[in-house]
Amino acid sequence: MATSVQKRASAVEAVDCDVVVVGAGFGGLYALHKLRESGWSVRGLEAAPDVGGTWYWNRYPGARCDVPSLFYSYSWSPELRREWRWTNRYAGQEEILSYARFAADRLDLRKLIDFDTRVASATFDEKSERWIVETDRSGHLTARFLIMATGGLSVPNTPDIPGVADFQGAIYHTARWPQEPVSFEGKKVGIIGTGSSGIQAIPMIAQAAKQLVVFQRTPNFSVPARNRPLTDEDHKSFDDGLDAYLASLEQSDFGRVPPTAFTAEVPPRDVQWKHYEKLWNEGGSGGFLKAFPNILVHPDVNEVAADFVRQKIRETVKDPKTAAALSPSGYPFGVKRLCVDTDYFDTYNRPNVELVNLRDEPIEKITAHAVDTKSRHFELDALVFATGFDAVTGALLAVDIRGRNGATLKDAWSEGPKTYLGLTVKDFPNLFTITGPGSPSVIGNVITNCEYHVDWIDACLAHMRRHDLGTIEPDAEAQAAWGVHVTEVADRTLFPKANSWYLGVNIPGKPRVFMPYIGEGYRTTCKEIVADNYRGFTFGVSADRERAAAE
Ligand code: NA7
């Protein structure tokens, strides 16, 4: 836990500022830029030695974004857009990290950020109405506003498998991949986990290693990326459509599940099949997830998509037993995050790749040189954990956050996260979460989601400055009603029917609560609440004004 973070000798310069932003990924960088532009004094704190957030850490072989690169970029800056040219339809980690570095340099943000600085605690001092932020360096910062831009996929999950500490070979986690090159040449490698990270890494490691053993607990739905270099024509067509795209973002309501999703209409199987065939050939997940309005709601529609992918697996994987083990069943299509791959299923046709179905033979223990399942012994030189994240709330709860009357975020969220709009939390005044639980957060294009939250916070702070307000905090009723709404929307869909990290079930002891907001209408709701004089929020009069009045 962050509270046990060791203090390091070098001190963070004691700073008092208007806003502390924790995290220098795409959300944090934009927050620093935007709020500085609005005249606030800002300070960024980042645990890594560089910008990039999750794209700094996730440098495993094959790491790539599953949102098309032309869209996975800041939309707010025409200048940045003009000066940056993506090379591929789907950008790899290295290129995305370069883009984050480019943005930070171009916007001159680095001087605002303390790198190699992990936040341990943040305590709201009611008297001064300031957040006191402690880091793993000596000294502390104080700020009126605290923005947690810590990301939804930043705390790696390493399962506590018996004997893991005894393993003598090299051990890696996809989300903490080393900076220096890793060579698997001539090695027997094991990988645990077949989510997005595993599905991207497996084909790459298979090409390099002497032998690759894949330990799979749950088979996943995956569709081909059909990644390719972008052409001049692609760029031109994107530029031509840019104004319309930006306007559509303004109108966009983000939701994965539109109101039209709640229809009982089931398109004929052959119509669906033909459409999926087209999408499969085009590549990417976006088309599949909105192939039919009710695909993520109606079990019969969903089942055809699931059948389609299973059929593709059978057609691709030569060994029928392996194909069957790779075929997802028992949960709907697209409600665990749909994976996007390059040659994933085909990789199992390689003679040096073996799939171990943990449903038949669970891992019993890890020893000095092997992984032992119930029935077999696999000697390995290296072991890769592709076992995901303590998603959405992990990074927020890793900081000891204390609000009014010593309330801790950990206690407040002991039964699952509670927020208003995924942006604010009752009893934690002037705390904002970028892509927090209860917002679209990890659904869709996370850069766009981050931008919207930063813009919302910027407007809110401007409102507070205009009206000389000291604090903002959601009301208990508004927060509770929002939580009920988030759950109700999810419950009307097939999302809760899969044991996904959206529900936190991958982390032992984490409450089973659907964390992202998947309804359409998020942006409209946020706008309406602001227009209705920040309905559901209470603002406190500035302590400075009260003091001045008393004098
Ligand atoms: P995910 O999607 O959470 O995948 C983690 C994988 O690790 C998944 O296959 C898990 O199986 C598996 N896992 C986790 N714990 C264990 C244990 N104890 N034993 C065996 N297998 C285990 O994480 P990713 O990093 O791949 O992707 C996360 C997101 O990052 C992704 O959706 C993109 O948005 C980017 P399970 O399914 O839990 O049975």
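The exchange below covers the nonpolar cores and the cysteines of this predicted model.

Reader: What makes the set of 139 residues a nonpolar core?
Author: A nonpolar core is a set of buried residues such as Leu, Trp and Tyr, joined through side-chain atoms within 4.5 Å. The largest set that qualifies here has 139 residues. Y276, L421 and W456 have the most contacts inside it.

Reader: Which helix gives this core its largest share, and which domains feed it?
Author: Helix 15, residues 446-466, gives the largest share, with nine residues. Domain 1 (4-155 + 391-550) and domain 2 (164-234 + 260-385) each supply at least three residues.

Reader: Which residues does Y276 touch?
Author: Leaving out residues up to four places away in sequence, Y276 touches F288, A291, F292, I295, V301, V304, A305 and F308.

Reader: Where do C17 and L45 belong?
Author: They sit in a second, separate core of 22 residues. I401 and L409 are also included.

Reader: Why is C65 called buried?
Author: Buried means under 20% relative accessible area. C65 has 6%, so C65 counts as buried.

Reader: What about C526, buried or exposed?
Author: The relative accessible area of C526 is 0%, so C526 is buried.

Reader: How many disulfides does the structure hold?
Author: Zero.

Reader: Why is C65 not bonded to C450?
Author: A disulfide needs two cysteine sulfur atoms within 2.5 Å. The closest cysteine sulfur to that of C65 is in C450, 12 Å away, so the pair is too far apart for a bond.

Reader: Why does C526 not bond with C460?
Author: C460 holds the closest cysteine sulfur, but the distance is 11 Å. That is too far for a bond, so the pair is not a disulfide.

Note on methods. Residues are numbered from 1 along each chain as its sequence is written. This is a predicted model: local features need pLDDT of at least 70, side-chain atom pairs count only at pLDDT 80 or more; totals for chains, interfaces and linings use all residues. Side-chain values use heavy atoms; hydrogens and water are left out. Buried means under 20% relative accessible area, exposed over 50%, partly exposed in between (1.4 Å probe, protein chains only). Helices (H or I, at least four residues) and strands (E, at least two) are DSSP runs, numbered from the N terminus. Domain bounds come from an automatic or database domain assignment. Contact means heavy atoms within 4.5 Å.
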